[in-house]
Amino acid sequence: QVQLVDSGGGLVQAGGSLRLSCAASGSIVSINYMGWYRQAPGKQRELVAGITSGGSTNYADSVKGRFTISRDNAKNTGYLQMNSLKPEDTAVYYCNALVSPSPFTTTIRSYWGQGTQVTVSS
């Protein structure tokens, strides 16, 4: 089994910064894709940023220029650096990973972290 633990959320004033971490452990052959999603009360869960195993990235329009996603493949860990935070960034942020969990199959499975709360005050 694979486990994802996301962390780094907290309370910050508008204009401040936070860095989220996502640590994957367990039976991992490779992580093909890692992404960060967020969900605010009353809103749908949305993709914030994603990164492939080769380092290609994509971002939601609302965070382009402010957030940076990265990964350390050797540590099976992903990061989301969030700068110039706005109150509208307030949400629970979830890490997601597409993982090849076994050398005996070609199945790729999706795993989620437990979520970490980010609150931005004005």
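## A serine in a loop

Let's start with one residue: S17 lies in the loop between strands β2 (10-13) and β3. Helices (H or I, at least four residues) and strands (E, at least two) are DSSP runs, numbered from the N terminus. The model is predicted, so local features need pLDDT of at least 70 and side-chain atom pairs count only at pLDDT 80 or more, while totals for chains, interfaces and linings use all residues. Residues are numbered from 1 along each chain as its sequence is written, and side-chain values use heavy atoms, with hydrogens and water left out.

Is S17 buried or exposed? S17 counts as partly exposed, because its relative accessibility is 39%. Here buried means under 20% relative accessible area, exposed over 50%, and partly exposed in between (1.4 Å probe, protein chains only).

S17 also has a partner from far along the sequence. S17 and N83 are 66 residues apart in sequence, yet their C-alpha atoms are 4.4 Å apart in space. Their side chains are joined by a polar contact of 2.8 Å. A polar contact is a pair of N or O atoms within 3.5 Å; within protein, one must be able to donate a hydrogen and the other to accept it, and residues adjacent in sequence count only if both atoms are side-chain atoms. Leaving aside neighbours within four places in sequence, S17 is in contact (heavy atoms within 4.5 Å) with V12, Q81, M82, N83, S84 and L85.

## Two positive phi angles

S84, one of the contacts of S17, sits in the loop between β8 and β9. Most residues other than glycine have a negative phi, and most peptide bonds are trans. S84 has a positive phi of about 50 degrees although it is not a glycine. With a relative accessible area of 40%, S84 is partly exposed.

N76 gives another example: its phi is near 50 degrees, a positive value in a residue other than glycine. You can find N76 in the loop between β7 and β8. N76 is partly exposed, at a relative accessible area of 25%.

## An open sheet

Now for the strands. Strands of a sheet pair through backbone hydrogen bonds, either parallel or antiparallel. In this report, two strands pair if DSSP finds at least two bridges between them. One open sheet has four strands in the order β1-β3-β8-β7, with antiparallel pairing. Its edge strands are β1 and β7, each pairing on one side only. From one strand to the next, the twist averages 15 degrees; axes are lines fitted to C-alpha atoms, for helices over the stretch in contact, and angles run from 0 to 180 degrees between N-to-C directions.

How many bridges join β7 to β8? Six bridges join these antiparallel strands, and the bridge partner of F67 in β8 is M82.

## Strand β11 and its partners

In a regular strand the side chains alternate between the two faces of the sheet. β11 shows this pattern: T116, V118 and V120 point to one face and are buried, while Q117, T119 and S121 point to the other and are not.

β11 runs parallel to β2, with four bridges between them; L11 has T119 as its bridge partner in β11. β11 also pairs with β9 in the antiparallel sense, over three bridges, and there the bridge partner of V92 is Q117.

T116 counts as buried, at 9% relative accessibility. The side chain of T116 reaches the backbone nitrogen of G9 at 3.1 Å.

## The core and the disulfide

Which residues touch the most other members of the largest nonpolar core? Of its 29 residues, they are W36, V48, F67, L80, M82 and Y93. A nonpolar core is a set of buried Ala, Val, Leu, Ile, Met, Phe, Trp, Tyr and Cys residues joined through side-chain atoms within 4.5 Å. β9 gives the most to this core, with five residues.

The structure holds one disulfide, meaning a pair of cysteine sulfur atoms within 2.5 Å. C22 and C95 form this disulfide, with their sulfur atoms 2.0 Å apart. The pair links distant parts of the chain: C22 is in β3 (residues 18-26) and C95 in β9 (residues 91-100), 73 residues apart. The torsion about the S-S bond is about -75 degrees, so the disulfide is left-handed. C22 is buried, at a relative accessible area of 1%, and C95 is buried, also at 1%.
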